[in-house]
Amino acid sequence: MDVFYIPVDDETQKRQRQKARDLRNSQWWKRRRSQGICHYCNKVFPPKELTMDHLVPVSRGGMSVKSNVVPCCKACNTKKRQLLPLEWDEYMQTLSNK
Ligand SMILES: [Zn+2]
C-alpha cells in the first residue's frame with residue numbers, strides 16, 4: 001500500500017470541492033489568476049485559460065485552502081491527470097531544469 005495515500009471519505013471530498021468552488025469565486029483567486037502564470041510551467045496564458053489545481057488532490061486528502069491551490073494551464077492539467085504522481089514529479093523536475 002502506498003504510504004502517502006490517505007483514504008478520504010466522500011463527504012469530506014464533497015465539502016472540499018464545494019470550498020474550491022467558493023475559493024474560485026473569491027477576489028483572491030481572481031487576482032491570482034489574473035497574473036496569467038501557470039504554477040507548473042511558468043508560461044503566461046490568458047487568465048480564462050487557467051484552471052484551479054490542487055497541489056495535493058482532494059482525493060488524496062488535499063484541502064481547498066489558499067496554500068493548496070494554484071493556477072494551472074490546460075496542458076499541465078491534462079498532463080497531471082495522465083501521469084502517476086511519481087511520473088508527475090519527474091516531469092516537474094525536467095521543467096525546473098530548463
Ligand atoms: Zn502549465
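In the predicted model, Asp53 is located in strand β1. The residue has a relative accessible area of 8% and is therefore classed as buried, the limit for that class being under 20%. The side chain of Asp53 is joined to that of Lys80 by a polar contact of 2.8 Å. When neighbours within four places in sequence are set aside, the residues in contact with Asp53 are Tyr40, Asn68, Val69, Val70, Cys72, Asn77 and Lys80.

Tyr40, one of the residues in contact with Asp53, also takes part in an aromatic arrangement. Three aromatic pairs were counted in the model. In one of them, Trp28 and Trp29 adopt a tilted geometry, with a centre-to-centre distance of 6.1 Å and an angle of 45 degrees between the planes. Trp29 has a relative accessible area of 2% and is thus buried. Tyr40 and Trp88 form an edge-to-face pair, for which the centres lie 5.0 Å apart and the planes meet at 80 degrees. This pair connects distant parts of the chain, since Tyr40 belongs to the loop between α2 (27–34) and β1 (51–54), whereas Trp88 belongs to helix α4 (residues 85–96), with the two positions 48 residues apart in sequence numbering. Both partners fall under the 20% limit and are therefore buried: Tyr40 has a relative accessibility of 8%, and Trp88 has a relative accessible area of 7%. Through ring pairs, Tyr40 and Trp88 are linked with Tyr91 into a cluster.

The zinc site was examined next. The zinc ion has four protein donors, namely the SG atoms of Cys38, Cys41, Cys73 and Cys76, which lie 2.3 Å from the ion. Along the chain, these donors follow the spacing C-x2-C-x31-C-x2-C. The angles subtended by the four donor atoms around the zinc ion range from 103 to 115 degrees; the arrangement is therefore tetrahedral, as this class requires all angles to lie between 85 and 135 degrees. Of the donor residues, Cys38 and Cys41 are both buried.

A contrasting environment is found at Ser67, which is situated in the loop between β1 and β2 (69–72). Ser67 has a relative accessibility of 62% and so counts as exposed, the threshold being over 50%. The C-alpha atoms of Ser67 and Leu55 are separated by 8.5 Å in space, the two residues being 12 residues apart in sequence.

Note on methods. Residues numbered from 1 in each chain as written. Predicted model: local features only at pLDDT ≥ 70, side-chain atom pairs only at ≥ 80, totals over all residues. Heavy atoms only, no water. Donors = N, O, S within 2.8 Å, 3.2 Å for Na, K, Ca; no water. Tetrahedral: all angles 85-135°; square planar, octahedral: opposite > 155°, others 65-115°. Buried < 20%, exposed > 50% of the residue type's maximum accessible area, 1.4 Å probe, protein only. Phe/Tyr/Trp six-rings, centres within 6.5 Å; stacked < 30°, edge-to-face > 60°. Helix = DSSP H or I, 4+ residues; strand = E, 2+ residues; numbered from the N terminus. Polar contact = N/O pair within 3.5 Å; in protein donor to acceptor, adjacent residues only side chain to side chain. Contact = heavy atoms within 4.5 Å.
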